[in-house]
Amino acid sequence: KTNLVWFRNDLRVLDNPALSKACEDKDASVIGLYIATPQQWRAHDMSARQVCFIHDRLIELQKELAALNIPLLFQTSDNFTDSIDEIVQLCKKHAVDQIFYNNQYEYNERKRDRLLKDKLDSDIKCFEFDGNLFSTPLTVLNGQQQMYKVFTPFRNAFLDLFIQNIPNIHSKPEPRKKLTIKANKIAALDYPKEDYDFFVPDIQKALEKLEEFCAEKVEDYTEKRDIPSLDYTSHLSAYLALGVISVRQCFQYLVQEYPDFWEKQKSGAFTWFNELIWREFYQHLIVAHPYLCKHKPFIDWTDRIKWKNNPDHFEQWKTGNTGYPIIDAAMRQLNQTGWMHNRLRMITASFLVKDLLIDWRWGERYFMSQLTDGDLAANNGGWQWAASTGTDSTPYFRIFNPTTQGQRFDPKGDFIRQWIPELAKVPDKFIHEPHIWAEKNGKLIDYPQPVVIHDIARKETLEAFEAAKKSA
Ligand code: FAD
């Protein structure tokens with residue numbers, strides 16, 4: 001028998017159910033495959049950083065698989081449809097009997113997988129796994145057998161099921177007998193090159209980071225996770241988005257340090273696990289409501305909001321020149337590193353939508369184009385939360401004040417000074433309103449004036465949302 005493992009966003013050997021299952025039959029020949037689809041990625045706004053990280057990670061994965069005598073074949077197709085033709089050809093060439101893969105849940109990806117099943121010869125079987133989640137979408141349902149619309153009841157139902165059936169990790173497959181098929185070089189991709197920070201392709205280093213986080217930081221996560229200058233979150237997001245590490249591995253390391261942590265819901269361990277359940281929630285949501293992948297809001301009437309969409313304001317937001325220090329520091333962190341702290345993703349998203357009255361989809365796309373951890377479900381969920389267009393959203397009339405948010409989460413301006421050196425000399429007390437200090441003291445600072453006045457912008461936004469709601 002010949003088994004093909006089609007790697008997608010599960011770029012790992014450990015705890016990879018598709019790979020483990022393909023290796024169960026000791027006598028089967030196992031081949032790995034990865035198909036890069038640059039044109040499709042461009043259409044999905046995938047960042048150059050993410051593509052570079054995938055490329056670097058594939059080089060490592062190929063070596064890890066080679067140690068098991070599994071050749072990882074690498075191919076490039078422009079788009080998903082062409083990639084299916086490649087697989088059909090490859091199955092013929094290598095007389096493949098069975099294909100194994102871990103599910104992806106985005107609309108186009110699911111359509112691609114259906115196309116594969118349509119195009120394959122009927123004697124080739126496909127085996128699908130939910131390797132990147134704790135649970136299978138559409139199995140955590142409310143009393144009406146529907147997907148929850150709100151996170152907390154979803155979380156509670158998820159936990160009930162999860163605790164009854166705590167998952168095991170799939171161990172690394174045993175080395176197999178050598179094949180004559182040779183792996184080919186992971187070629188350079190037709191995409192711009194860009195450095196990414198925080199993430200490394202070496203799996204040992206990535207797992208060490210997870211281990212260190214669980215041992216050293218999780219305990220204080222509840223208190224410190226919202227303060228960007230403390231840097232107390234895990235920085236594991238790109239590993240999870242690309243499946244370099246699985247959520248089950250996160251659970252495994254966490255439970256080693258904190259057995260039964262789910263019984264202490266105020267603990268740092270539980271708070272962190274709760275974030276992994278948010279990830280799960282958003283992945284389930286895009287399966288229950290595929291239109292979320294097609295630029296549609298969860299709440300219909302919000303599609304009638306009359307956005308201002310001022311291109312100059314959008315540019316000022318993107319480049320970190322809005323005159324609101326916390327927003328600008330955050331956007332500069334994103335632009336320079338490809339990662340942004342969660343609290344700041346919430347504040348910058350709210351600012352774009354509710355201070356600048358720019359369509360949330362513009363921001364969603366921009367984030368995707370910069371993030372190394374870009375993930376449709378989490379990004380869409382986060383943007384729709386901030387824009388009050390999604391499930392569980394913050395109500396539209398609750399609007400963050402960018403100055404007080406900055407005062408609350410970066411009280412002394414440590415984070416701001418790190419990213420906006422122009423403000424280095426502004427005293428702590430005025431770091432969130434540097435122009436007030438500059439005027440009072442006759443100083444000149446090389447920093448823009450606020451692009452809008454928050455109180456006025458807030459009123460306009462409320463009017464725009466109310467008008468859209470009334471016309472429903
Ligand atoms: P930690 O705090 O250590 O959390 C651990 C893991 O839990 C994360 O790595 C991530 O996989 C998951 N997670 C945490 N918070 C969330 C959340 N709110 N929703 C879903 N999953 C979560 N996350 C992405 O992975 N990709 C995105 O494209 C993305 N876009 C976002 C856009 C907006 C507007 C907002 C508000 C949030 C977005 N998030 C996204 C969620 C969150 O901000 C990041 O996952 C987190 O900042 C990553 O840092 P970390 O790994 O240190 O997180």
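**Exercise 1.** In this predicted model, determine which residues of α12 meet which residues of α13, and classify how the two helices are oriented.

*Solution.* Begin with the contact itself, in which Trp317, Lys318 and Thr319 of α12 meet Ile327, Met331, Arg332 and Asn335 of α13. Sorted by class, the residues of this contact of α12 with α13 comprise 3 nonpolar, 2 polar and 2 charged. Turn next to the geometry: α12 spans residues 311-319 and α13 spans residues 325-337, and the two helices pack at an angle of about 70° with their axes 7 Å apart. Angles of 65 to 115 degrees count as roughly perpendicular, and therefore α12 is roughly perpendicular to α13.

**Exercise 2.** Carry out the corresponding analysis for α14 and α20.

*Solution.* Helix α14 (residues 342-355) packs against helix α20 (residues 454-470) at an angle of about 70°, with the axes 9 Å apart, which means that α14 is roughly perpendicular to α20. The contact is formed by Val353, Lys354 and Asp355 from α14, together with His454, Ala457, Thr461 and Phe465 from α20. In this contact of α14 with α20 there are 3 nonpolar, 2 polar and 2 charged residues.

**Exercise 3.** Describe the surroundings of the ligand, its polar contacts and its burial.

*Solution.* The ligand is surrounded by 28 residues, of which the closest are Tyr221, Thr233, Ser234, His235 and Asn342. An N or O atom in the side chain of Tyr221 is 2.5 Å from an oxygen atom of the ligand, while a polar side-chain atom of Ser234 lies 2.6 Å from a ligand oxygen atom. A polar backbone atom of Asp373 is 2.9 Å from a nitrogen atom of the ligand. Finally, the ligand taken alone exposes 820 Å², and the protein buries 96% of that.

Note on methods:
Residues numbered from 1 in each chain as written. Predicted model: local features only at pLDDT ≥ 70, side-chain atom pairs only at ≥ 80, totals over all residues. Heavy atoms only, no water. Axes fitted to C-alpha atoms, helices over the stretch in contact; angles between N-to-C directions. Helix = DSSP H or I, 4+ residues; strand = E, 2+ residues; numbered from the N terminus. Parallel < 35°, antiparallel > 145°, perpendicular 65-115°, else oblique. Contact = heavy atoms within 4.5 Å. Nonpolar A, V, L, I, M, F, W, Y, C, P; charged D, E, K, R; others polar. Near = heavy atom within 4 Å. Polar contact = N/O pair within 3.5 Å; in protein donor to acceptor, adjacent residues only side chain to side chain. Areas by Shrake-Rupley, 256 points an atom, 1.4 Å probe, with all protein chains shown as cover.
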